[in-house]
Amino acid sequence: MGRAAKFVASLLPLFLAGCATVQSTSNAHGPAAHSIARLSSALTITFVITILIMWALLAIALKKNRGSLKEHMPIDVGGGQAWVAIGGIAIPFLVLSVFFFLGLDLLTTFPIHGDHGAMNMGAAAAKSKPDILIIGHQWWWEVHYLGAANQQVITANEIHIPAHRPVNIELRSADVIHSFWVPSLHGKVDLIPGDVNFIRIEASQPGDYVGQCAEYCGSQHANMHILLVAQEPAAFNQWLANQARPGVEPTNPETMQGQQAFLDGPCTKCHTVRGTAAAGRFGPDLTHIGSRKEIGADSFPNNDGYLEGWITNAQSLKPGCKMPKITQYNGTQLRSLVAYLRQLQ
Amino acid sequence: MSTLAAEEQLTRLWETPKTIYGWFASVDHKDLGIRYLTTAFIFLIIGGVEALIMRLQLTHANGALLTPEAYNELFSMHGITMIFWYASPILSGFSVYLVPLMTGARDVAYPRLNSFTYWSFLFSGILLYIGPFTGQAPHAGWFSYMPYTNIVYSPGHGMDFYALSLIMLGISTTGAAINFIATILFFRAPGMAISKMPLFLYSTLTISCTILFAMPALTLACVFLELERRWGMHFFGSASGGSPLLWQQLFWFFGHPWVYVIFLPATGMISIIIPVFSRRPIVGYPYVAMSTVLTGVVGFSVWLHHMFTVGMSDLTMSFFSAGSMMISLFTTITIFAWLATVWKGRPVVTTSMLYALGSVALLVIGGLSGVVAGIIPVDWQLHNTYYVVAHIHYVLIGANVFPVFAGLYFWLPKMTGRMMDERIGKWSFWVMFVGFNVGFFPMHIVGLMGMPRRIYTYAANLGLQPMNEVMTFGAFLFGVGMLISIVNLFYSLRHGELAGNNPWNADGLEWAMSSPPPDYEVVRIPAVATRHPLWDTFDEDEDPGDLRVLSQARLCITSNMLDAVPQAAATMPNLSLVPMFLALALFVFFLALVYQWMWVCLAALILTFLLGCTWLWPRPIKGHL
């Protein structure tokens with residue numbers, strides 16, 4: 001192996017390791033993402049080699065036979081047609097055909113699907129019974145679990161799924177176009193107002209998978225994150241059963257005062273806590289806000305500091321977001337309000 | 001008639017006076033071509049500065065240089081400026097300047113229309129930039145997807161500036177396309193059969209036809225957008241039975257062919273430049289010509305590949321994926337024709353040649369990354385990530401900016417009469433080439449690492465910062481490289497060597513005349529026998545009866561479409577201020593429409609009508625027949 005080849009070979013693992021960051025397409029943890037990553041690596045390797053060959057040919061062509069501006073070759077000089085026939089037509093035709101059909105194969109195995117096309121067998125199965133409905137909002141995700149009657153839960157931003165089995169997701173939008181994308185599991189699908197789309201995802205092992213909105217949707221498009229938590233089926237069922245319960249009633253004086261502050265304040269206009277009078281639908285459901293790892297569409301850790309900051313001045317954390325500045329609480333009220341929210345496990 | 005007498009008489013007929021009136025009333029394609037180039041280049045600089053500000057914001061995770069809204073306005077203005085007001089008009093500039101020189105005509109077919117399309121291009125650009133300067137910038141990208149652009153989500157006038165300035169630009173672009181088609185089909189020098197045209201004319205002809213079919217879709221979409229935003233009509237709103245996807249269909253039906261509009265003329269320039277500096281005819285002329293035309297045609301059956309994630313049927317997507325694969329074959333044919341030309345030729349390394357070959361090197365990357373994104377399931381991962389940003393910049397900078405620089409180094413001596421400095425030019429090329437690759441190649445990687453496009457910031461835990469630092473460095477290096485060429489231009493305008501008629505010893509008709517060409521351009525309309533008039537043994541000026549001097553009035557020869565057999569002498573119009581005022585009236589109309597000053601609109605419309613009448617009013621012909 002030549003020195004250059006060794007150098008390239010030593011770079012490759014480094015390069016791949018560098019790419020396997022949390023939101024990377026090569027950090028595949030599901031059958032769809034895995035197959036796509038494999039096809040895309042094959043494409044990348046083939047094309048990197050092609051590029052190197054082409055650059056080398058250009059460099060050699062330029063070096064090998066210099067001329068001068070004083071003279072030119074006769075205008076009826078021929079030759080070179082074979083280059084066009086072989087390099088320009090035959091080879092690319094073969095290579096492109098192979099990749100095209102490999103692509104078609106994947107397309108039918110892991111379809112995404114909408115109402116725009118009826119002739120779609122694989123997707124028809126996905127469409128038959130969605131497990132989860134996700135509704136995109138500026139700039140957060142509303143998540144409905146569509147299981148048995150006692151398990152119909154509405155939550156937000158943190159999406160739990162059972163691992164090791166396919167999960168059918170129905171996608172809609174409440175305002176503008178968004179796009180649902182968790183690179184570790186599958187490609188992206190748009191959420192389009194007035195339309196319904198479907199995607200089937202599967203996590204091959206439990207874990208936290210991150211993603212984000214992939215269609216430009218306004219000021220806070222950049223911070224419309226997704227946290228997808230895949231759990232062992234038993235743990236998932238437990239989580240779902242807990243989410244189906246109404247919000248935890250406060251038990252100590254501080255959290256009781258916090259609940260009062262919550263119900264008396266402007267919060268209830270936009271937010272719901274099941275089991276209380278708060279039934280606003282404009283913002284995320286807060287019934288189990290305390291159980292979530294992050295706030296602000298998975299942009300900040302869910303702790304006292306960020307919750308206080310979010311309540312009093314969300315505009316400084318996510319400029320342009322729909323959560324207004326709330327200035328009516330004094331320090332004590334604010335602390336108790338946060339304590340109340342955090343015990344909504 | 002002696003040549004000297006003919007020159008005097010032709011000068012009297014064709015001269016554009018060096019006065020203020022002459023400047024505004026000029027219908028000379030050489031003046032207008034240079035104005036097109038200058039104006040478009042200024043838009044390139046504006047768009048480039050916008051891009052550099054964005055790069056500063058993205059250098060670090062959680063960057064706080066810009067507010068989200070400011071960033072969103074910047075990326076929108078960057079895309080709109082570059083795609084609509086730089087990439088296509090700069091190529092129109094080359095076409096306006098070069099097409100008549102290459103066809104051997106004394107001007108384009110419709111000189112006053114040419115003036116009008118320039119002024120309306122300029123005024124539409126000013127209209128667009130009134131937006132940001134009054135704090136009302138478009139903020140929905142160059143693609144402006146509904147329903148985000150509807151009045152509910154985008155109040156203010158930003159999107160109105162977008163829609164109305166694009167409608168106005170559409171008028172300009174359509175006019176220019178008609179002008180090119182007429183000139184190329186009917187104003188070719190006797191003997192320049194369609195099989196002997198320079199390849200640049202093939203690409204200009206192809207994209208002019210493309211524009212005629214694609215542009216109406218954009219204009220319609222923008223009219224619908226305005227009607228929905230301001231006039232209570234419903235096209236895209238799902239609540240009232242419309243579909244947001246209608247916008248996407250219309251926009252991309254226009255948008256993808258448009259990619260070829262800003263790509264093909266640049267490849268046409270490369271097809272001229274590479275053979276000249278390889279000192280031989282291009283390999284596979286018919287293949288390249290055919291590929292150019294077919295790209296224009298098949299360009300209309302790939303647009304849905306921008307929409308693989310909206311949820312369409314497998315069959316629909318497969319068709320458009322196949323179309324996208326097929327169209328890349330036409331580009332590989334062209335690329336291999338260029339490569340074979342250099343391989344089989346005797347290359348001379350000039351700055352222009354370096355830019356042309358640099359362009360090919362970048363186009364290879366841009367084309368292949370396009371194929372990757374054309375495979376549907378792979379596109380589901382790559383769509384709307386920085387991978388696609390890398391792809392479009394490799395295609396648009398590789399196959400537009402680099403060819404434009406190749407073209408400038410090649411043809412500026414013809415336009416200004418002075419050579420550009422080769423040493424500074426080569427420095428500029430290498431700095432641009434390295435800077436571009438350092439700035440844009442990592443975008444492929446961050447795209448694969450899950451960095452979506454159109455985000456004003458990114459979280460630290462995604463591991464994207466190191467690459468972004470490199471990208472910002474590369475982008476600034478690229479800017480420095482461009483700056484070196486700008487300095488070179490101003491330096492060479494004063495101190496450059498005199499170019500003479502044919503500094504490159506090239507084969508095209510434009511190199512037969514002096515640099516810069518006289519106002520009348522040619523004493524005799526040339527006759528053409530081969531594809532390489534200046535390399536063959538045929539005498540283009542052989543004209544014993546002085547039949548092709550045509551100094552009786554402002555005259556050009558029209559010939560028939562395929563074989564360029566002379567048909568008649570066309571009388572060309574004189575200088576006129578009407579085109580500029582007509583463009584100005586339209587500008588007032590669209591500006592008033594932004595603010596819904598309906599009486600001003602009405603007044604401007606009446607003025608437009610009256611100016612149209614003045615334009616068409618028959619007037620005496622200068623000279624005598």
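User: Contact means heavy atoms within 4.5 Å. Leaving aside neighbours within four places in sequence, which residues does B:Phe84 contact?

Analyst: Heads-up: this is a predicted model, where local features need pLDDT of at least 70, side-chain atom pairs count only at pLDDT 80 or more, and totals for chains, interfaces and linings use all residues. Residues are numbered from 1 along each chain as its sequence is written, chains are lettered from A and ligands numbered from 1 in the order written, and side-chain values use heavy atoms, without hydrogens and water. B:Phe84's partners are B:Gly79, B:Pro89, B:Trp142, B:Leu166, B:Leu169, B:Leu218, B:Phe254 and B:Trp258.

User: Is B:Leu575 buried or exposed?

Analyst: B:Leu575 sits in the loop between β2 (566–571) and α17 (578–595) of chain B, with elements taken as DSSP runs (helices H or I, at least four residues; strands E, at least two) numbered from the N terminus. Its contacts beyond four places in sequence include B:Pro17, B:Tyr21 and B:Arg554. Relative accessibility is 17%, and the cut-offs are under 20% for buried, over 50% for exposed and partly exposed in between (1.4 Å probe, protein chains only). So B:Leu575 counts as buried.

User: How far apart in space are B:Leu575 and B:Phe308, C-alpha to C-alpha?

Analyst: In sequence, B:Leu575 and B:Phe308 are 267 residues apart. In space, the C-alpha to C-alpha distance is 51 Å.

User: What is the handedness of the crossing where α12(B) passes α14(B)?

Analyst: α12 (residues 351–374) and α14 (residues 386–416) of chain B have axes 8 Å apart. By class, their contact has 16 nonpolar, nine polar and no charged residues. The crossing is left-handed.

Terms used
Axes fitted to C-alpha atoms, helices over the stretch in contact; angles between N-to-C directions. Left-handed = near helix turned anticlockwise from the far one by under 90°. Nonpolar A, V, L, I, M, F, W, Y, C, P; charged D, E, K, R; others polar.
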